[in-house]
Amino acid sequence: MIEVGVWRGDRAIQFLSLARNLTWYAGFDLFEGMDSETFASERMGACHPQSYEDVKQRLDTASNGNCRIDLVQGSTHSTLSDFALKHAGTFDFIYLDGGHSLETIANDWNCSKQLMSDKGLVVFDDYYLNDTTRGSKPLIDDLLSDKAYRVRFFPVVEDIIDDLQITMVTVSRASENQ
Amino acid sequence: MLQPNADVLISALTGSGNYSGGRYHAWIMAEALASRGHNVTFWGNQFPLYGNDFKDYEAHKRIKFHGKNRAPSWSTSSNNRIVIVVPHMERPFGRYYAALLEAARFGARVVLLNFESPNWFNSMSPERRPEMLWDKWRLVAQHADGILSSSNEGARFASDYYNCRRSDCLLEYIHPAINSKVADSASEGRSEQIIAITRFGNSNKHKGGLDMLHVLGPWICGRQLLLILGRNGMEQSIKMLFEKRCYEYGGELRILQGISDYQKFTEIKRSRLMLFLSYFEGFGYPPVEAMYCGVPCIAYDLPVLRELGETGVTFVARGDVNAVSAAASRILSETSPPTNVRSFVEQQVGFEAYATKLDRFLKEISRDGKRHYSDRLHRKWLWRWKFENIADYLSNRLQLFK
C-alpha cells in the first residue's frame with residue numbers, strides 16, 4: 001500500500017497492525033522539509049511537520065517484520081511521479097491525504113492511476129462538500145463522469161472546528177467488478 | 001433539564017439477522033422516551049425486525065427512524081440533547097465515532113447502553129471471548145455521562161470493567177420493559193407444548209441450545225417441543241438430532257424462526273412449560289415473559305435471572321441437565337397452577353414503570369445542560385472516524401485487510 005501524507009505515522013501504524021497480509025508499505029511526505037510557504041499553500045491546518053527519522057523509528061517499531069517499509073521524503077510532484085514510473089500497476093491500496101491544494105491532489109491522483117493494480121483502490125481523504133478551493137471535491141466530481149472509474153462516497157460528518165462537511169471517497173477501476 | 005422535549009438520538013446497528021436483546025431493549029427505550037414527549041430518532045441501518053411489534057404504543061409513530069450512514073438531522077434547535085449509543089462488537093466501527101461526533105457537534109450528553117461486559121461474560125460463558133471485542137464499548141464509556149445497564153448484575157460488573165469512565169459518569173441499571181401490550185393482546189389457550197427460546201451456532205454456545213438435547217426425557221411423550229430461533233435458525237444436522245430425540249420419547253419437534261412478538265407471546269401462552277438453558281444473559285427476557293404469561297419456567301441459575309425470577313422461575317445448577325429433566329418431569333405432573341407473579345412482573349418491567357425510570361435517569365444525566373467538548377477531542381474523533389470508516393470498508397473489500 002501507499003500512503004501520501006504520513007504526518008506522525010499514526011495512521012500508518014494502524015494500517016500496519018490491521019493489514020496482517022501487508023508486504024510493502026510506502027509512505028510519502030515532506031516531513032521536516034515542509035517550509036512555511038508550502039504549509040500555508042497546501043492548507044495543512046493542524047498538521048505541523050514531523051521529523052523523518054522520528055516517524056521512521058515509530059513505523060519500524062510497529063512493524064511485524066514481514067512488511068517492507070519505505071518512507072520517501074520530498075514533494076510528491078517529483079517523488080511520487082518517479083515512483084510511479086518504476087512501480088506501475090503494483091499497489092492494491094493507495095491512500096491520498098497529502099497536500100490539500102487542487103494541484104497537488106491532481107498530481108497525486110495522476111500518479112496513483114499508474115501505481116494502482118487492476119484491482120486497486122484509491123481512497124481520497126478531504127472531500128469537502130462546502131469548499132471547492134481545496135481538497136478532492138473538484139477532481140472527484142470530474143471523475144464521476146469518467147466511465148473508466150467507479151466512485152464511492154463514505155458517510156459525511158461535520159467538522160465543527162473548521163466548519164467543513166467532510167467525507168472520503170474511494171475510486172477503483174470500473175472494469176474491476178466488485 | 002430534560003423536560004419537556006429533549007432530542008434523543010439512539011444509535012444502534014440493527015442489520016444483523018439474529019435477534020439481539022440489547023437492540024430490542026434499545027427500541028423499547030425509543031418507545032418509552034417518545035411516550036414521555038421527547039423527540040426520538042432511532043439511527044439504525046435497517047428498520048429492526050421487531051420495530052413493528054410496538055405499533056400499538058401511543059408514541060410509536062413519533063419515533064423517527066433514520067437508516068442512512070450519515071447522521072440524521074435533529075429536528076429542533078434544542079439545547080437539550082442526548083446521544084444513546086447501543087454498542088456492537090464487530091465492524092463497522094465508524095458508527096461509534098460518528099455518534100460521538102454528533103454529540104460533540106451539538107453539546108449532547110452521551111449514554112452507553114450496557115448489556116454485557118467481558119469480565120461478566122467470561123465469568124459465566126462456557127466459551128470465553130477476547131476482551132478486545134468490547135474495546136469500543138469502553139471507548140464510549142470513557143466519554144459517557146451515563147452508563148445504563150439492563151440489570152443490577154450487569155451494573156456491578158460494569159463498575160469494574162468501565163473503570164476508565166469519567167468521575168461524574170452516572171452508573172445505573174434499569175430492567176428493560178417487556179412488550180406487555182402485545183403480550184396482553186396475544187391469544188390465550190393452553191396446550192401441552194414445551195417452549196424454548198434460544199439460538200444455535202458457534203458464536204452462541206453460551207445460549208445453551210445444545211443442552212436442550214440432553215434434558216429431553218419420557219416427559220416429552222405426547223407433547224411438542226417448540227424451539228423459537230432467530231432468523232439464522234439451526235444446522236440441519238442439529239435439527240435432525242432434536243427430531244430423533246423427540247421421536248424416541250414419543251414427542252414432536254416444531255421450530256419457528258424470526259417470529260413477531262405477537263406470535264411469540266401466543267406460543268408462550270399456549271405452553272405448559274418454558275426451558276431456558278442459557279449460561280449467560282444480559283437481562284434474559286424469556287423467563288420474565290413466561291412469568292408475565294403465567295407459564296412455569298426452568299432456567300439455569302444465573303444471578304441476573306434471580307433479580308426478577310426468584311419467585312417465578314425454577315432454578316437448577318448451570319449445566320445440570322439431569323436436574324432440568326427431573327424438574328420438568330415434576331412440573332409437568334403437577335396439577336396446581338403455578339404461582340401468579342404477573343402483577344410483580346408488571347410492576348418491575350411494565351412499560352409505564354420502565355418509561356418513568358428511564359425518564360428520571362436521563363433527567364439526571366442532563367441536569368447540567370449542554371456539555372462542552374474540546375477541539376482536541378473533536379479532532380481525535382474525526383481522525384478515528386476517518387480511519388475506522390476506511391478500515392470497515394477495506395475489511396470487506398481487500399484481501400490485504402482480512
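Start with the contacts of chain B in this predicted model: among those between residues at least 6 apart in sequence, 77% join residues at least 24 apart.

With chain B still selected, switch to a cartoon view, in which the secondary structure comes to 15 helices and 13 strands. The radius of gyration of chain B is 22 Å, close to the 21 Å that the globule rule gives for 402 residues, so chain B is as compact as a globular protein of that length. Turn the C-alpha trace of chain B along its principal axes, where the spans are about 70 × 50 × 35 Å.

Next, show the surface of chain B, which exposes about 16100 Å², with carbon and sulfur atoms supplying 47% of that area. Of the 402 residues in chain B, 60% are buried. Colouring the charged side chains of chain B brings up 52 positive and 41 negative ones, and the centres of these two sets lie 6 Å apart.

Now select residues 135-143 of chain B, which form helix α4, and within this helix pick out Leu139(B). Is Leu139(B) buried or exposed? Its relative accessible area is 13%, under the 20% cut-off, and therefore Leu139(B) counts as buried.

Display the surroundings of Leu139(B) as sticks: leaving aside residues up to four places away in sequence, Leu139(B) touches Tyr96(B), Tyr97(B) and Leu100(B). As a last stop, add Asp261(B) to the selection and draw a distance between its C-alpha atom and that of Leu139(B); the two residues are 122 residues apart along the chain, and their C-alpha atoms are separated by 33 Å.

Methods
Residues are numbered from 1 along each chain as its sequence is written. Chains are lettered from A and ligands numbered from 1 in the order in which they are written. This is a predicted model: local features need pLDDT of at least 70, side-chain atom pairs count only at pLDDT 80 or more; totals for chains, interfaces and linings use all residues. Side-chain values use heavy atoms; hydrogens and water are left out. Helices (H or I, at least four residues) and strands (E, at least two) are DSSP runs, numbered from the N terminus. The radius of gyration is taken over C-alpha atoms; the globule rule is 2.2 Å times the number of residues to the power 0.38. Buried means under 20% relative accessible area, exposed over 50%, partly exposed in between (1.4 Å probe, protein chains only). Contact means heavy atoms within 4.5 Å. Accessible areas come from the Shrake-Rupley method with a 1.4 Å probe; for residues, only the protein chains shown count as cover. Lys and Arg count as positive and Asp and Glu as negative; His and the chain ends are not counted. The place of a charge is taken as NZ of Lys, CZ of Arg, CG of Asp or CD of Glu.
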